[in-house]
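Thanks for passing this one along. Here are a few notes to read beside the model.

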Amino acid sequence: MSFRTLLLMVLLVPAAVLGGAQVLGVVIPVPHWGRGYVVEVPLDDAVAEPLILPKVAGPDDPSRPLVVIDAGHGGRDPGAIGVDADGRKFAEKDITLAIALALRDELLKIGGIRVALTREDDRILPLPHRPEIARQLEADLFISIHADSAGERSDVSGASIYTLSEKASSEAAARFAARENDADRLNGLTIEGQSAAVSAILVELSQQRTQEDALEFSGLVLREGDKRLAFHPQPRRAAALAVLRAPDVPSVLFESGFVTNLTDRARLTTREGRAQYAAVLARAIQVYFARRSSAAEGGE
Ligand code: ZN
């Protein structure tokens with residue numbers, strides 16, 4: 001086979017089969033390449049995967065508040081990696097899942113709050129599916145759990161909590177308003193049939209309220225975690241994170257600590273450490289929802 005034919009095959013054949021491969025998110029061996037080359041399907045291209053809604057645990061009562069917990073990364077995407085002195089590796093995807101499961105169990109023990117996890121095992125989950133699961137379940141709160149890496153800087157430590165930056169928030173609102181298919185459910189406001197300008201304003205208002213709620217929740221995490229968890233010196237952050245872009249579900253990303261730091265890693269990878277995270281986050285969630293239900297009873 002000439003090099004030219006080979007080149008064409010390499011360019012065209014995988015392109016033809018990739019359509020199907022993106023749906024499955026699999027690794028495809030390329031035939032005739034001769035050296036066992038594989039085509040890796042990038043994670044972000046897996047968006048064509050069907051969205052599967054997880055089951056909701058807790059009280060069988062839709063009037064109870066629902067929190068969606070998102071364990072960051074998973075499957076072929078390990079996230080940050082920490083290595084201890086014995087060469088043992090700790091992957092962020094395992095840490096986030098373990099904390100998410102501990103938090104779910106803690107919330108179910110407390111009772112009164114419904115809980116769903118975006119993933120309950122070591123699987124790949126396209127980034128856009130994560131907030132979308134929260135939206136479709138009509139969740140009241142979305143928490144994405146992560147762990148950080150500081151590379152060679154083993155002295156950097158502490159948890160932090162992210163909300164969507166204001167600029168990203170209004171950009172997301174504008175984009176969201178433009179997608180009319182999605183514009184039918186925003187904090188109970190029906191904006192179907194409204195003019196584009198009016199629905200853009202309604203989305204903006206909804207997003208502002210969502211942002212205020214997310215900021216309030218992040219404040220509660222810091223308050224409940226004071227002296228029980230170690231926070232970074234600047235624990236409150238804002239960033240343009242795709243996972244926080246649901247315009248109608250208050251969303252935060254909790255960076256639980258650094259896998260590259262000895263003390264943080266001890267807390268992140270032990271049962272006792274995870275129990276601390278679960279207790280603090282569960283308490284913050286409980287207070288957050290309690291405030292909302294008393295405001296509702298007060299005839300807001
Ligand atoms: Zn992460």
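1. A word on confidence before anything else: pLDDT is the predictor's confidence in each residue, on a scale from 0 to 100. This is a predicted model, and the mean pLDDT of the protein is 81, with 74% of its residues at 70 or more.

2. Two stretches call for some care. Over residues 1–47 pLDDT stays under 50, and the model has 43 contacts beyond four places in sequence for them. Residues 180–190 also stay under 50, with 20 such contacts beyond four places in sequence. Where pLDDT is low, the predicted coordinates should not be read in detail.

3. Now to the metal site. The zinc ion has as its protein donors H73 through NE2, E92 through OE and H146 through ND1, at 2.0 to 2.1 Å. Along the chain, these donor residues follow the spacing H-x18-E-x53-H. H73 sits in the loop between strand 3 (66–71) and strand 4 (81–83), while E92 belongs to helix 2 (residues 92–110), so this pair ties together parts 19 residues apart in sequence. Both H73 and E92 are buried.

4. Helix 2 deserves a look of its own. Its 19 residues, at 1.5 Å a residue, should span 27 Å, and the end C-alpha atoms are indeed 27 Å apart, so the two values agree. The buried residues of helix 2 include the zinc donor E92, and among the others are I95, I99, L103 and L107. An α-helix has 3.6 residues a turn, so residues three or four places apart point the same way.

5. A last detail: G111 follows helix 2 and has a positive phi, near 85 degrees.

Terms used:
Residues numbered from 1 in each chain as written. Predicted model: local features only at pLDDT ≥ 70, side-chain atom pairs only at ≥ 80, totals over all residues. Heavy atoms only, no water. Contact = heavy atoms within 4.5 Å. Donors = N, O, S within 2.8 Å, 3.2 Å for Na, K, Ca; no water. Helix = DSSP H or I, 4+ residues; strand = E, 2+ residues; numbered from the N terminus. Buried < 20%, exposed > 50% of the residue type's maximum accessible area, 1.4 Å probe, protein only. Expected span 1.5 Å × (residues − 1).
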